[in-house]
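Subject: Structure for you to look through

Hi,

Here is the structure I promised to hand over. Please open it next to this email and follow along.

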Amino acid sequence: MTRTLRVEADGGSRGNPGVAGYGALVRDAVSGDLLVELAAPLGTASNNVAEYRGMLAGLAAARTIAADARIVVAMDSKLVVEQMAGRWKIKHPDMRELALQGRDLVAEITTAGGSVEFTWVPRADNGDADALSNRGMDGEHVEDWHGSEQARDDLTPSRDGEQEPVRPPSGRGEPTRVVLVRHGVTEFTEQARLDGRGGADPGLTDAGRRQAEQAAALVAELVGDTPTAVITSDLRRARETGGVIADRLGVDPEVDPDWDEQSFGDWDGAAVSDLLRDAREDFTALRDDRAYARPGGETHDEMAARVTAAWERVVARGGTVVVACHRKPILVVLAHVLGLPFDRMWRLAGSPGSLTAVEAWPDGHAVVAFTNRT
């Protein structure tokens, strides 16, 4: 029988905008057992932002407990309930961004076999979540997992090999919001040639420019009026893609060559079909051996070291940042924040012109909001 979980969430702001905080809890809907309580301050924010943040925290906790459950989200915010149910339009850019995060959580739960529904309840029936949100507004951080549903039941290896609980990154301050955009196609992309750091450095084709324009429209919808920086790699295809995005946002792009694609040395521009026919063993090594490099090129580890350094600089600057770059650098970032082994990062798709969004904190915590959105 499918398990049913009930999320109760709220948020508030003393000033609107003012000192804000959220609260959320998850119950077993059948037994009524309290499974988790969450609260955190949000600095200065509006009531609506705080309510959304409470919903996101509660929904993420329910997913951690049982992603394949039927999850009922109960809130006294009619705005959040109606917008998440798709019945009301979302005009404010902050609300759009938070709603996208919520919809991605819903998609993850649906993919796992669960379901999510949103229901409005009178404020008098949401007192527990309201009390938690007041604790958040008072500056208190709450993360209490109860009974057999403690976070210890959902463990992930830490970097030193020990086990640590997966915890939502609440209470860590505002994250840096990063949108990674893969460049549009070039002639090399269309001809299935290795398109690396060296060689001819081709620009976008007509199809690639259309992809860049579509990516720019998606970025503009995502960030709204939020001040946003645009960074590109030093390669022409990324600079052209980033330039279209920067024009759409009305900002000047910055160039950081550490976001460049891997250099394939003497194979830059080579047709993949020729390499599979004439040098299959070496081609396999280029993909599967992180220490392999072509003459004049670089290894995966060398490329990953500079990309990771560039990523950490972006996270440290805060705010919202768009980075127009390449497939392998995007895979490096995702593998870095998710702790994926080298041989598994290839399981992540990254289409030309696609968007990948990550919220990241300087202490290394990160949340991947979505990947490969076109």
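First, a term you will need: a residue is buried under 20% relative accessible area, exposed over 50%, and partly exposed in between. Keep in mind that this is a predicted model.

**Overall picture**

The protein has 11 helices and 14 strands. Its radius of gyration is 22 Å, and the globule rule gives 21 Å for 374 residues, so the protein is as compact as a globular protein of that length. The C-alpha trace spans about 70 × 45 × 35 Å along its principal axes. Of the 374 residues, 52% count as buried. Now take contacts between residues at least 6 apart in sequence: 71% of them join residues at least 24 apart.

**One sheet: E1 to E6**

Strands in a sheet pair through backbone hydrogen bonds, either parallel or antiparallel. In what order do the six strands of this open sheet lie? The order is E5-E4-E1-E2-E3-E6, with mixed pairing. Strand E5 (115-120) and strand E6 (142-145) are at the edges. Each has a single partner strand, so one side of each has no neighbour in the sheet. From one strand to the next, the twist averages 15°.

Look at strand E1 (residues 4-14) and strand E4 (residues 70-75). They run parallel and are joined by five bridges. To find one on screen, start at Leu 5: its bridge partner in E4 is Ile 71.

A helix lies across this sheet. Helix H4 (residues 127-137) crosses E1, strand E2 (18-28), strand E3 (34-45) and E6. H4 runs at about 140° to E2.

**Another sheet: E9 to E14**

This open sheet also has six strands and mixed pairing, in the order E11-E10-E12-E9-E13-E14. Strand E11 (254-255) and strand E14 (366-373) take the edges; each has a single partner strand, so one side of each is left without a neighbour in the sheet.

Strand E13 (residues 355-360) pairs with E14 in the antiparallel sense, over five bridges. For an example, go to Ala 360: its bridge partner in E14 is Ala 366.

Helix H6 (residues 206-223) packs on this sheet. H6 touches strand E9 (176-182), strand E10 (228-232), strand E12 (320-325), E13 and E14. The directions of H6 and E9 make an angle of about 170°.

**Where two helices meet**

Packed helices are described by the angle and the distance between their axes. For helix H3 (residues 93-111) and H6, the axes come within 7 Å and cross at roughly 105°. The two helices are therefore roughly perpendicular to each other. Which residues make the contact? H3 brings Pro 93, Arg 96, Glu 97 and Leu 100, while H6 brings Glu 221, Leu 222 and Val 223. Sorted by type, the contact has four nonpolar residues, no polar ones and three charged ones.

**Two loop residues to check**

Go to the loop between helix H5 (187-190) and H6, where you will find Ala 192. Its phi is near 55°, which is positive, in a residue other than glycine. Is Ala 192 buried, exposed or partly exposed? Its relative accessibility is 43%, so Ala 192 counts as partly exposed.

Asp 201 is also in the loop between H5 and H6. Asp 201 has a positive phi near 55° and is not a glycine either. At 22% relative accessibility, Asp 201 counts as partly exposed.

Best wishes

How values were computed
Residues are numbered from 1 along each chain as its sequence is written. This is a predicted model: local features need pLDDT of at least 70, side-chain atom pairs count only at pLDDT 80 or more; totals for chains, interfaces and linings use all residues. Side-chain values use heavy atoms; hydrogens and water are left out. Two strands pair if DSSP finds at least two bridges between them. Helices (H or I, at least four residues) and strands (E, at least two) are DSSP runs, numbered from the N terminus. Contact means heavy atoms within 4.5 Å. Axes are lines fitted to C-alpha atoms, for helices over the stretch in contact, and angles run from 0 to 180 degrees between N-to-C directions. Angles under 35 degrees count as roughly parallel, over 145 as roughly antiparallel, 65 to 115 as roughly perpendicular and the rest as oblique. Ala, Val, Leu, Ile, Met, Phe, Trp, Tyr, Cys and Pro count as nonpolar, Asp, Glu, Lys and Arg as charged, and the others, Gly among them, as polar. Buried means under 20% relative accessible area, exposed over 50%, partly exposed in between (1.4 Å probe, protein chains only). The radius of gyration is taken over C-alpha atoms; the globule rule is 2.2 Å times the number of residues to the power 0.38.
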